[in-house]
Amino acid sequence: AAGFGLIIAIPGTLTYLLPVEAVPETIPLKVGYISVAGFLTISLGTYLAAPLGASLAARLSATLLTRIFSAYAIVTGVLLVREALLA
């Protein structure tokens with residue numbers, strides 16, 4: 001799945017990097033549709049948090065990790081359905 005995600009992400013990212021002339025300049029520091037500030041913020045957060053998450057996952061049991069992920073998926077799903085119904 002990660003390999004296919006990469007295959008999809010590369011052309012998508014390259015397309016979003018293309019210059020955009022029809023859209024007004026509403027986002028400072030952007031290249032095409034990509035916000036450089038947002039990219040740097042997300043990259044830095046990922047760089048700092050990934051080792052912490054990996055360390056925590058190594059210390060927790062597989063059962064507990066499964067339950068945590070399941071709860072997260074259920075909450076996310078409920079919020080998405082709620083948003084879809086209220087929109």
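Let's start with helix α2, residues 36-59. At 1.5 Å a residue, its 24 residues should span 34 Å, and the C-alpha atoms at its two ends are 35 Å apart in this predicted model, so the expected and computed spans agree. Now, that helix does have a feature along the way: at Ala49 there is a kink of about 35 degrees, shortly before the proline Pro51.

While we're on α2, have a look at Gly53, which sits in that helix. Is Gly53 buried, partly exposed or exposed? Its relative accessible area is 38%, and because buried means under 20% and exposed over 50%, Gly53 counts as partly exposed. And if you'd like a distance to check on your screens, try Gly53 to Leu18: the two residues are 35 apart along the chain, and their C-alpha atoms are separated by 34 Å.

Okay, let's zoom out to the whole chain. We have three helices and two strands here, and starting from the N terminus the order is α-β-β-α-α. How does the radius of gyration sit against that of a compact globule? For 87 residues, such a globule would come out near 12 Å, but this chain has 18 Å. Along the principal axes, the C-alpha atoms fill a box of roughly 50 × 35 × 25 Å.

What about burial, then? Of the 87 residues in the chain, buried ones make up 2%. The chain exposes about 7,500 Å², with carbon and sulfur atoms supplying 76% of that area.

That brings me to my favourite part of the surface, a nonpolar patch. Its members are Leu6, Ile10, Leu14, Leu17, Leu29, Val31, Val36, Phe39 and Leu40, and together they have about 840 Å² of accessible area. Which elements give two or more residues to it? Those are α1, residues 2-17, and our old friend α2. Between them, α1 is the one to look at, since it gives the most to the patch, with four residues.

One more member deserves a moment, and that is Leu29. You'll find Leu29 in the loop between α1 and β1, where β1 covers residues 30-31. Leu29 has a relative accessible area of 63%, and since the cut-off for exposed is over 50%, Leu29 is classed as exposed.

So, to pull up the two spots I'd leave on the screen for discussion: the kink at Ala49 in α2, and the nonpolar patch, to which α1 gives four residues. Thanks, everyone, and over to you!

How values were computed. Residues are numbered from 1 along each chain as its sequence is written. This is a predicted model: local features need pLDDT of at least 70, side-chain atom pairs count only at pLDDT 80 or more; totals for chains, interfaces and linings use all residues. Side-chain values use heavy atoms; hydrogens and water are left out. The radius of gyration is taken over C-alpha atoms; the globule rule is 2.2 Å times the number of residues to the power 0.38. Buried means under 20% relative accessible area, exposed over 50%, partly exposed in between (1.4 Å probe, protein chains only). Accessible areas come from the Shrake-Rupley method with a 1.4 Å probe; for residues, only the protein chains shown count as cover. The expected span of a helix is 1.5 Å times one less than its number of residues. The bend at a residue is the angle between axes fitted to the seven residues ending there and the seven starting there. Patches are made of residues with over 30% relative accessible area and no salt bridge: like charges are joined within 9 Å, nonpolar side chains (Val, Leu, Ile, Met, Phe, Trp, Tyr) within 5 Å. A salt bridge is a side-chain nitrogen of Lys or Arg within 4 Å of a carboxyl oxygen of Asp or Glu.
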